[in-house]
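Visitor: I should like to go through this model with you and ask, at each step, on what grounds a term is applied. Please set each value against its criterion.

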Amino acid sequence: MRSKAAGSSTGSTALTRSPRVRLDQPRSDRRRLLPVYDPEAFGRLSERVARFLGTGRFIVWMTLVIILWVLWNIFAPDHLRFDEYPFIFLTLMLSLQASYAAPLILLAQNRQDDRDRVNLEQDRKQNERSIADTEYLTREIAALRMGLGEVATRDWIRSEFQDLIKEMDERRLFPLESDEGDR
C-alpha cells in the first residue's frame, strides 16, 4: 500500500491531473500575435524623430533628395530611370514619409503635454506652499506688531518716571532738603 502512495506522489498519475499553478513564481510568457514593444522606448524614438523633422537640416536634406530624384529621373539614360515624369513613386514615398511623420509628431506632442501637465501640477503645488508660507509669515508679523504695542519702550519708561516724580513732588513724599541740613 505504501508503494502505491509513493508512486502516485512521484507523478505517475500526472496524466490525469492538470499541472499545479504556483503563485510564488511569475507566469511563463504567452505567445502573442502582435509584437511586444516597450512604449517608453518607442516614445523616446518618436520624440527624436519629431525633433529631427522639425529642423532646417531635415528640410535641406529632403529638398536635396527630391531635387536629385527629379533630376535623375529626367536626365538619366532611359534604362537607369526608375520613376518616369509624373513621379508616382516619389509621390508614394513622400506620402509614406508623411503618414509616419504625422503620428510620430503627435505622439511626441502628447508626451510633451504629459510632461507639461506634470510640471504645471508641481508648480501649482509649489505656489500653494508659497502662499501658505506667506500667509503664515504675515500672521506672525502681525502678532509681533501687536506684541510690540505692549512692550515698554525707553520713551514710555521715561515718561512714566517723570509722571511718578511729579506725583511724588505733589505728595511731598520726599521733603525738600534745606540748605541748613547740608551744613
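Visitor: Which residues make the nonpolar surface patch of about 810 Å²?

Guide: The model is a predicted one. In it, the nonpolar surface patch is made by W72, L80, F82, F89, L92, M93, L96 and Y100. Helix α4, residues 88–149, gives the most to this patch, with five residues.

Visitor: Why is L80 called partly exposed?

Guide: The relative accessible area of L80 is 41%. Buried requires under 20% and exposed requires over 50%, so L80, at 41%, is partly exposed. A residue of a patch must also have over 30% relative accessible area, a condition that L80 meets with its 41%. L80 lies in the loop between α3 (56–75) and α4.

Visitor: What makes the backbone of F87 worth a remark, given that F87 is not a glycine?

Guide: F87 has a positive phi of about 50 degrees. F87 is found in the loop between α3 and α4.

Visitor: Is F87 buried or exposed, and how do you know?

Guide: The relative accessible area of F87 is 11%. Since the limit for buried is under 20%, F87 is buried.

Visitor: What is the span of α4, and how does the span compare with the one expected at 1.5 Å a residue?

Guide: With 62 residues, α4 reaches 89 Å from its first C-alpha to its last. That value is close to the expected 92 Å.

Visitor: Which residues of α4 are buried, and what covers them?

Guide: The buried residues of α4 are L90, A101, L104, A108 and R111. Their cover includes α2 (39–53) and α3.

Visitor: Why is R111, an arginine, called buried?

Guide: Its relative accessible area is 15%. Because buried means under 20%, R111 is counted as buried. Leaving out residues up to four places away in sequence, R111 touches E40, G43, R44, S46 and E47.

Visitor: How do you know that S46 is buried?

Guide: S46 has a relative accessibility of 0%. The criterion is under 20%, and S46 is therefore buried. S46 is found in helix α2. Apart from neighbours within four places in sequence, S46 is in contact with L104, L107, A108 and R111.

Visitor: What makes the approach of the S46 side chain to the backbone oxygen of G43 a polar contact?

Guide: The side chain of S46 reaches that oxygen at 2.7 Å. A polar contact calls for N or O atoms within 3.5 Å, and the distance from S46 to G43 satisfies this limit.

Visitor: Why is the pair R81 and D78 called a salt bridge?

Guide: Side chains of opposite charge can pair when their charged atoms come close. The closest N and O atoms of R81 and D78 are 3.3 Å apart. The limit is within 4 Å, so R81 and D78 form a salt bridge. R81 is partly exposed at 25% relative accessible area, whereas D78 is exposed at 58%.

Visitor: What makes D114 and R117 a salt bridge, and where do they lie?

Guide: Their N to O distance is 2.8 Å, which falls within the 4 Å limit. D114 and R117 both lie in helix α4, three residues apart, about one turn of the helix. At 40%, D114 counts as partly exposed; R117, at 53%, passes the 50% mark and is exposed.

Visitor: How do you know that D155 and R158 meet in a salt bridge?

Guide: The N to O distance for D155 and R158 is 3.9 Å, and the criterion of within 4 Å is met. Both lie in helix α5 (residues 154–171), three residues apart. D155 is exposed at 55%, and R158 is partly exposed at 45%.

Visitor: What makes E40, E47, R111 and R115 one network?

Guide: Salt bridges that share partners join E40, E47, R111 and R115. The structure holds 11 salt bridges.

Visitor: How many helices and strands does the protein have, and what share of its residues counts as buried?

Guide: The protein has six helices and zero strands. Of its 183 residues, 9% count as buried. The accessible surface comes to about 17400 Å², and 60% of it belongs to carbon and sulfur atoms.

Technical notes. Residues numbered from 1 in each chain as written. Predicted model: local features only at pLDDT ≥ 70, side-chain atom pairs only at ≥ 80, totals over all residues. Heavy atoms only, no water. Patch = residues over 30% accessible without salt bridge, like charges linked within 9 Å, V, L, I, M, F, W, Y side chains within 5 Å. Areas by Shrake-Rupley, 256 points an atom, 1.4 Å probe, with all protein chains shown as cover. Salt bridge = Lys/Arg side-chain N within 4 Å of Asp/Glu carboxyl O. Helix = DSSP H or I, 4+ residues; strand = E, 2+ residues; numbered from the N terminus. Buried < 20%, exposed > 50% of the residue type's maximum accessible area, 1.4 Å probe, protein only. Contact = heavy atoms within 4.5 Å. Expected span 1.5 Å × (residues − 1). Polar contact = N/O pair within 3.5 Å; in protein donor to acceptor, adjacent residues only side chain to side chain.
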